[in-house]
Amino acid sequence: MLRSKGFHRGINLGGWLSQCDYSEDRLNNFITESDIAAIASWGLDHVRIPIDYNVLENDDGTYKPEGFARIENALGWCRKNGLKVILDLHKTAGFSFDHHYGERGFFDSEQLQERFCLLWEEIARHFGDRPDEIAFELLNEVTAKEYIDTWNRLSVACVRRIRAYAPDTLILIGSYYNNSAEAVRDLAPPCDDRIVYNFHCYEPLKFTHQGATWTDQIKPDERMAFEDSATTEEFFENLFADAIETAKKNNTVLYCGEYGVIDIASPEDTVKWYKVINAVLERHGIARAAWSYKEMDFGISDSRLDGVREELVRYL
């Protein structure tokens, strides 16, 4: 489904229109057309663009023409360089995967849920006429399991509203525990044949996030070499097995929207991890987008990887 439309091997443009200071300098200069050309030169075929709602909306819920214009400009760069695009709503009013952003109340508020649907209708009005170039991702990383019933109901309702403007666009939907593979089983059955199940993978976390200070699951001073991480093809086969089976049962496919290794790990260990997960993703025909192109503690284009990048990009 995804691969037949040209979405196979991609990369995230994290930190550009999301998880940033939203300054004009950031929005105008963090990613440029030359970056898109570089991504294409690596042999990748698409980018995932995380976008926060406040890039597209004012505080009162009205829309920002300049925000939609930025996306349109990026789409032009991608079209020129032969890249497809996944538009990912990374933060919505009342919810973010990261509680430090202070967004609260989305899953308990019909008003905020309606605002979410209205924003998606607006996105679909702008970009829903290009299903061979663009896919939509409803929301990045639902966190708590307790939200799943509300999320299933809301995602189905939102998809149906999007379809009035984007009848053929592929729509990606992830589950709780921050889009974990194990939570795919609890997603609602697809409401049409253009729904894709989305998951993220940063396992084993003690390896991929070693030194991270933003999660209580990691002791920042601990380090782990790849050889000590128990990361094998069998590890990922077991990790993905239930999600693969769930997708088959519901007649859809999987997409791995984020996966990667923190810049504290050595370049050589980073390549080893990507090589192993790539073998399993390829074996099961799972399209994906690595996290992330630039900076964000995971940057593939960062200078630290200059000595291994030619090999690394073969495993994205």
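How does Glu237 count at 21% relative accessibility: buried, partly exposed or exposed? In this predicted model, Glu237 counts as partly exposed, because buried residues must fall under 20% relative accessible area. Its side chain meets that of Arg283 in a salt bridge, with N and O 2.5 Å apart. Since Glu237 belongs to helix H9 and Arg283 to helix H10, the pair ties together parts that are 46 residues apart in sequence. Arg283, at 46% relative accessibility, is likewise partly exposed.

A second salt bridge joins Lys272 and Glu227, whose closest N and O atoms are 2.6 Å apart. Here too distant parts of the chain are linked: Lys272 sits in helix H10 (residues 267-283), while Glu227 is found in the loop between helix H8 (205-208) and helix H9 (233-249), 45 residues apart. Lys272 is partly exposed, with a relative accessible area of 33%, whereas Glu227 reaches 54% and counts as exposed.

The salt bridge between Glu258 and Arg48 (2.9 Å, N to O) ties strand E8 (residues 254-259) to strand E2 (residues 46-52), so parts 210 residues apart in sequence are brought together. Both Glu258 and Arg48 are buried. These two residues also belong to a network of salt bridges with Asp88 and Glu137. The count of salt bridges comes to 24.

Asp35, in helix H2 (residues 33-41), offers a contrasting case. Asp35 is buried but has no salt bridge, the nearest side chain of opposite charge being Lys294 at 4.7 Å; that distance misses the salt-bridge criterion because the cut-off is 4 Å. Instead, the side chain of Asp35 makes a polar contact of 2.8 Å with that of Tyr293. Leaving aside residues up to four places away in sequence, Asp35 touches Phe30 and Tyr293.

Helix H4 (residues 65-80) lends itself to a simple geometric check. At 1.5 Å a residue, its 16 residues should span 22 Å, and the end C-alpha atoms are 23 Å apart, which agrees. Its buried residues include Phe68, Ile71, Leu75 and Cys78. An α-helix has 3.6 residues a turn, so residues three or four places apart point the same way. After H4 comes Gly82, with a positive phi near 75°.

Turning to the whole, the protein chain holds eleven helices and nine strands. Its radius of gyration is 18 Å, which agrees with the value near 20 Å for a compact globule of 316 residues. The C-alpha atoms fill a box of roughly 50 × 40 × 40 Å along the principal axes, and 57% of the residues are buried. Of the contacts between residues at least 6 apart in sequence, 76% join residues at least 24 apart.

Key. Residues numbered from 1 in each chain as written. Predicted model: local features only at pLDDT ≥ 70, side-chain atom pairs only at ≥ 80, totals over all residues. Heavy atoms only, no water. Helix = DSSP H or I, 4+ residues; strand = E, 2+ residues; numbered from the N terminus. Buried < 20%, exposed > 50% of the residue type's maximum accessible area, 1.4 Å probe, protein only. Lys, Arg positive; Asp, Glu negative; His and termini not counted. Polar contact = N/O pair within 3.5 Å; in protein donor to acceptor, adjacent residues only side chain to side chain. Contact = heavy atoms within 4.5 Å. Expected span 1.5 Å × (residues − 1). Rg over C-alpha atoms; globule rule 2.2 N^0.38 Å.
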